[in-house]
Amino acid sequence: KYSDVMTDLFNQITTIEIKERITAIGDYSMKGLTKATEITISKTVERIGMNVFEDCRSLSTINVNSENEYFISIEGILFNHDKTELIQYPIGNTRTQYQIPNGVNIIGDYSFHYSSFLTSIQISNSVTHINSHAFYFCSSLKSIELSSQLTTIGDGSFDHCISLASIVIPENVVSIG
């Protein structure tokens, strides 16, 4: 069948390059590219939708063209250009520990979802918001140190973090989804 052939071809993609002239990447648009290990985002991309990389379990690196005015990649991790929001940690990155850089204020929706290699995350004190489902299904996450400046924890942020034994909620938190 045509759909089976297309699915087979789709599942063989290992690298993705978003070409110039493309200005937006829609919600869930890369979903299911299970063998893609690397994506490169051109200088013309201005908007990236929600949960774009869902089920891209081999994705270890996100690159952004250095001339892009909206996004930046630091060590293969996607941020907005001024580095105040962490947008996407690649699901297939094999690090076991990660420290959110100082200056990041927001951990975006679904930004670490299904990052099954991470066992420990340290969140810098500049972070004030953890958005919806940020750490959803981080099944190996055993410890997380939250920012003392944190005010908001979004819906399902730690849903299915089955290895997380405890979490200390800072006193500045006023909203838990």
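**Exercise 1. Aromatic pairs**

Determine how many aromatic pairs the count comes to, and classify the pair Tyr136 and Phe137.

*Solution.* The count comes to 8 aromatic pairs, where rings of Phe, Tyr and Trp (its six-membered ring) pair if their centres lie within 6.5 Å, with planes under 30 degrees apart counted as stacked, over 60 as edge-to-face and the rest as tilted. For Tyr136 and Phe137, the ring centres are 5.4 Å apart and the planes stand at 80 degrees, so this pair is edge-to-face. The structure is a predicted model, in which local features need pLDDT of at least 70 and side-chain atom pairs count only at pLDDT 80 or more, while totals for chains, interfaces and linings use all residues. Residues are numbered from 1 along each chain as its sequence is written, and side-chain values use heavy atoms, with hydrogens and water left out.

Next, consider accessibility, where buried means under 20% relative accessible area, exposed over 50% and partly exposed in between (1.4 Å probe, protein chains only). Tyr136 has a relative accessible area of 18% and is therefore buried. Phe137, at 29%, is partly exposed. Finally, one aromatic cluster is formed by Tyr89, Tyr98, Phe112, Phe135 and Phe158.

**Exercise 2. Salt bridges**

State how many salt bridges a search of the whole structure finds, and locate the partners of Glu67 and Glu75.

*Solution.* The search finds 5 salt bridges, each being a side-chain nitrogen of Lys or Arg within 4 Å of a carboxyl oxygen of Asp or Glu.

Step 1. Glu67 pairs with Lys43 at 3.4 Å, N to O. Glu67 is in the loop between β5 (61–64) and β6 (71–74), and Lys43 is in the loop between β3 (38–41) and β4 (47–48), so their salt bridge ties together parts that are 24 residues apart in sequence. Strands here are DSSP runs (E, at least two residues), numbered from the N terminus. Lys43 is partly exposed, with 32% relative accessibility.

Step 2. Glu75 pairs with Arg95, their closest N and O atoms being 3.5 Å apart. Because Glu75 lies in the loop between β6 and β7 (77–80) and Arg95 in the loop between β8 (85–88) and β9 (97–99), this pair ties together parts that are 20 residues apart in sequence. Glu75 is exposed at 59% relative accessibility, whereas Arg95 is partly exposed at 25%.

Step 3. A further salt bridge links Arg57 and Asp55, with 3.3 Å between the closest N and O atoms. Asp55 is partly exposed at 33% relative accessibility.

**Exercise 3. Sheets**

Give the strand order and the edge strands of the open sheet of 3 strands, then those of the open sheet of 7 strands.

*Solution.* Two strands pair if DSSP finds at least two bridges between them.

Step 1. The sheet of 3 strands is open, has the order β9-β11-β13 and shows parallel pairing. Its edge strands are β9 and β13 (143–145), each of which pairs on one side only. On average, neighbouring strands of this sheet are turned by 5 degrees against each other, direction ignored; axes are lines fitted to C-alpha atoms. Between β9 and β11 (residues 120–122) there are 3 bridges in the parallel sense, and Gln99 stands opposite Gln122 in β11.

Step 2. The sheet of 7 strands is open with mixed pairing, in the order β6-β7-β8-β10-β12-β14-β15. Here the edge strands are β6 and β15 (175–176), each pairing on one side only. Strands β6 and β7 run antiparallel and are joined by 4 bridges; the bridge partner of Ser73 is Leu78 in β7.

**Exercise 4. Cysteines**

Establish how many disulfides are present, and explain why the sulfur of Cys138 has no bond to that of Cys161.

*Solution.* The count comes to 0 disulfides, a disulfide being a pair of cysteine sulfur atoms within 2.5 Å. For Cys56, the nearest cysteine sulfur is that of Cys138, 15 Å away. The sulfur of Cys138 has its closest cysteine sulfur in Cys161, at 5.2 Å, which is too far for a bond. Cys56 is buried at 1% relative accessible area, and Cys138 is buried at 0%.

**Exercise 5. The surroundings of Phe53**

Identify where Phe53 is found and which residues Phe53 is in contact with, leaving aside its neighbours within four places in sequence.

*Solution.* Phe53 is in the loop between β4 and β5 and is buried, with 3% relative accessibility. With those neighbours left aside, Phe53 is in contact (heavy atoms within 4.5 Å) with Met30, Ile39, Leu59, Ile62, Leu78, Gln88 and Ile91. From Phe53 to His160 the separation is 107 residues in sequence and 19 Å in space, C-alpha to C-alpha.

Terms used
Axes fitted to C-alpha atoms, helices over the stretch in contact; angles between N-to-C directions.
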